[in-house]
Amino acid sequence: MAERQRVLLIEDNPGDVRLIREMLSEGNEELFELDCVGRLSQGLEYLSTRSAGVVLLDLSLPDSFGFDTFLKVYAHSPKVPIIVLTGHDDRTVALSAVKTGAQDYLVKGKIDRDLLLRSMQYSIERKRYQEQLEYQANYDALTGLPNRNLLHDRLKQSVYAQRFVRSIGVVFLDIDHFKFVNDSLGHNTGDKLLQKVAERLTEAVRDGDTVARLGGDEFILVLNDQTGQEVIYRAMQRIISKLAEPIEIDGEELLVTASAGISVYPQDGPDVETLLKNADTAMYRAKEMGRNNFQFYTAEMNRQVNERLKMETSLRRALERNEFELYYQPRIHVENGALVGCEALLRWQHPDLGLTLPERFIGLAEETGLIVPIGEWVIKSACAQARAWQKKGTAPIAVSVNLSMRQFKQEALATAIDDALRHTGLDPRLLEMELTESLVMQDTDAAIRVLERLREIGVEVSVDDFGTGHSSLSYLTRLPISALKIDQSFVQEISGMGSAHEGIVAQAIISLAHNLKLKVVGEGVETGPQFDFLKKHACDEVQGYYFARPMPAAAFERFAATAVR
C-alpha cells in the first residue's frame, strides 16, 4: 500500500473543516492524511517542523486576510503545492494567487470529493513537474552542480545582499589538458572525471560557498565572506592541491591538474559580469604561466587581454587583406658552400605594428584555429614561389615549410599539400615539410601514417628542433623522414673555446642521423666557430645569420643569382 500524502488544512470554519475531512475519508482507500489548524501562525509553525504534500489554504483567517495570506505561506514554503479555498466574492484574489504560485483554487460550496481529490493530485504532480523543470534549468545534469543560471543568481545574492562589505572570491577554474583525456580515453571517462572533480571541489569549500559548472571542463567557485586576499590564497592552495591528488576511474589512476583565475569583490568588479570576466582573464594568465597554478586578476592582465582581442581581430582579417608575406632563409651545403634550398618563414605586415614576427601571433593563431587557413596559404605561396623561380630559369630550389600541430592533425593535410603541388606544377621533391620533434612524438603511430602519406605524394619530411623533445630511438627508426634539424640551442652553445663538452649534443645528433642514413641540418649558425665545428663533424647543411638572414622573395632571388650552385 502506497504511503498516504499528508495534507495541511489551514481553515478556521469548523463546518468547512468537517466537510473536507468527510470528503477525504470517503471510499475504500484513504489517499490522504489530514491535519488541521485554524490560524495562519499555526500553519507556518506546522510547516517549519513537519512536511506536507499539499496545503489547503483559506484566505480569510483570524490572523490574516486576503492575498497577503497566500503570500506569507508561499514565501515560507515555496516548494509545497498550495490550493486556495475561496468564497464566491473573492475569485479575483484567488486567481492572483494562482498567477503568483498557487497550484489551483476551489470555491467553497461547490466542492465535491472527486473535484477535491483531482485538484490535490494534479497540484502535487504539477508541483513535482515544475520542480523537475526548475532543477533542469538551474543544475548541471552531469555533476548535479549549479549551472550558469543558478550561479548568476547566487553570485548576485552574495554581492547585493551584503549589509557590510566583505571580500568575495570568484574563481574561474579549468582542468588542464582535458581534451586529451576525452580524445585518448573516451568521453565516458571524461564525464566520470568531471564528476570526480565536482565532488572534490565541493568537499574542498565551505557549506556557504558555491561550486558551479559552466560547461565543458570549466567550473566556478564563489568563496563568500572572506576577510582578505591572503585567506583566499590559502584556500586556493588547498583546492589546487586537493585536485592534484590521483583520481581512480574504472581501475585506472589519473593525475589531474587545474588552472584557476581569481577576481575579488569589490576591488576587481562591482557586478557579476565583471567579476566573472576578470576571473576568466586571470585563468588564461595561469595557463600561460605553465598551468597547474592560480593567478589573481590585475589591471595589467586586462590590458593584455584587450591587446590580445585586438590582435585576434586583426589576425582574422589578415588573410583577406593580403597582409601575410613569406621570407626565405638560405640553406647552405657545408662541404662546397652551395645554395641547396631555403626555409619559408611567415611574416605579417600588421597595419599598426608593421613587420611582425611569428612569435607575436602564431600561438594565438594555433589557439583560435586560424593556423589552418594560414598554414594552407603558406604551403600554396611557398610552392608558387619556388615554381616561379624555376620558370625564370633559376636552378631548382627546394623550399621547406613548417607544419603546426593543428595542421598536422587535419585529416585533409595530405590532400591540401597535393592540391598545392598540382595547382602550381612544382616537383614534389622540391617541397620539404618540417615537423617538430614534440609534435611527432605526441602520437607516433598516427604521425607515421600521416608521414607515409606525405612520402607517397613525393615530398621530403624533416624533424625540426631535434634534441628538445623525448624521442624514442625505436620510433625514430620507423619514421619515414629524410632529415633531422639540430635545434639552434645546441648550435649556439658552441663558442669555439675548445671545451671538452662543447657541442657534444650536436655531435651526438649528427652521428645518430648518419647512422640512420638521414641528412643533418644545423640551425641558428651565427658565428664562424659554430660553422667550423659543424663542418668538422660532418654536418650536411646549415642555415643561420652567419650566411644570411630571412629575406623577402625578391631579395632571395638576388641572393640565389650570386650564390654557388
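**Exercise 1. Which residue in S10 is the bridge partner of Phe172?**

Solution. The model is a predicted one.
Step 1. Take the strands: S8 covers residues 167–175 and S10 covers residues 218–226.
Step 2. Set their sense: the two pair antiparallel, over 7 bridges.
Step 3. Read off the partner: Phe172 is bridged to Ile220.
Step 4. Check the register: Leu173 stands opposite Phe219.

**Exercise 2. Find the partner of Val171 in S13.**

Solution. Step 1. S13 runs over residues 258–265.
Step 2. S8 and S13 are antiparallel and share 8 bridges.
Step 3. Val171 has Ile262 as its bridge partner in S13.

**Exercise 3. Lay out the sheet and name its edge strands.**

Solution. Step 1. Write the order: S9-S10-S8-S13-S14, an open sheet of 5 strands.
Step 2. Note the pairing, which is mixed.
Step 3. Look for strands that pair on one side only: these are S9 (210–215) and S14 (294–296).
Step 4. Add the twist, which averages 20 degrees from one strand to the next.
Step 5. Place the helix: H10 (residues 272–288) packs on the sheet and touches S8, S10, S13 and S14. The direction of H10 makes about 145 degrees with that of S13.

**Exercise 4. Sort the residues of S8 by the way they point, and state whether they are buried or exposed.**

Solution. Step 1. Recall the rule: in a regular strand, side chains alternate between the two faces of the sheet.
Step 2. One way point Ser167, Gly169, Val171, Leu173 and Ile175.
Step 3. The other way point Ile168, Val170, Phe172 and Asp174.
Step 4. Apply the cut-off: buried means under 20% relative accessible area. By that test, 9 of the 9 residues of S8 are buried.

**Exercise 5. Test the length of H13, then locate its buried residues.**

Solution. Step 1. H13 holds 21 residues, 371–391.
Step 2. At 1.5 Å a residue, H13 should span 30 Å. The end C-alpha atoms are 30 Å apart, so expectation and model agree.
Step 3. List the buried residues, among them Ile371, Ile374, Gly375, Val378, Ala382, Gln385 and Trp389.
Step 4. Look down the axis of H13: the buried residues fall within an arc of 165 degrees, so they line one face of the helix.
Step 5. Explain the spacing: an α-helix has 3.6 residues a turn, so residues three or four places apart point the same way.
Step 6. Finish beyond the helix: Gly393 follows H13 and has a positive phi, near 100 degrees.

Conventions. Residues numbered from 1 in each chain as written. Predicted model: local features only at pLDDT ≥ 70, side-chain atom pairs only at ≥ 80, totals over all residues. Heavy atoms only, no water. Helix = DSSP H or I, 4+ residues; strand = E, 2+ residues; numbered from the N terminus. Expected span 1.5 Å × (residues − 1). Buried < 20%, exposed > 50% of the residue type's maximum accessible area, 1.4 Å probe, protein only. Arc of directions from axis to C-beta. Pairing = 2+ DSSP bridges. Axes fitted to C-alpha atoms, helices over the stretch in contact; angles between N-to-C directions. Contact = heavy atoms within 4.5 Å.
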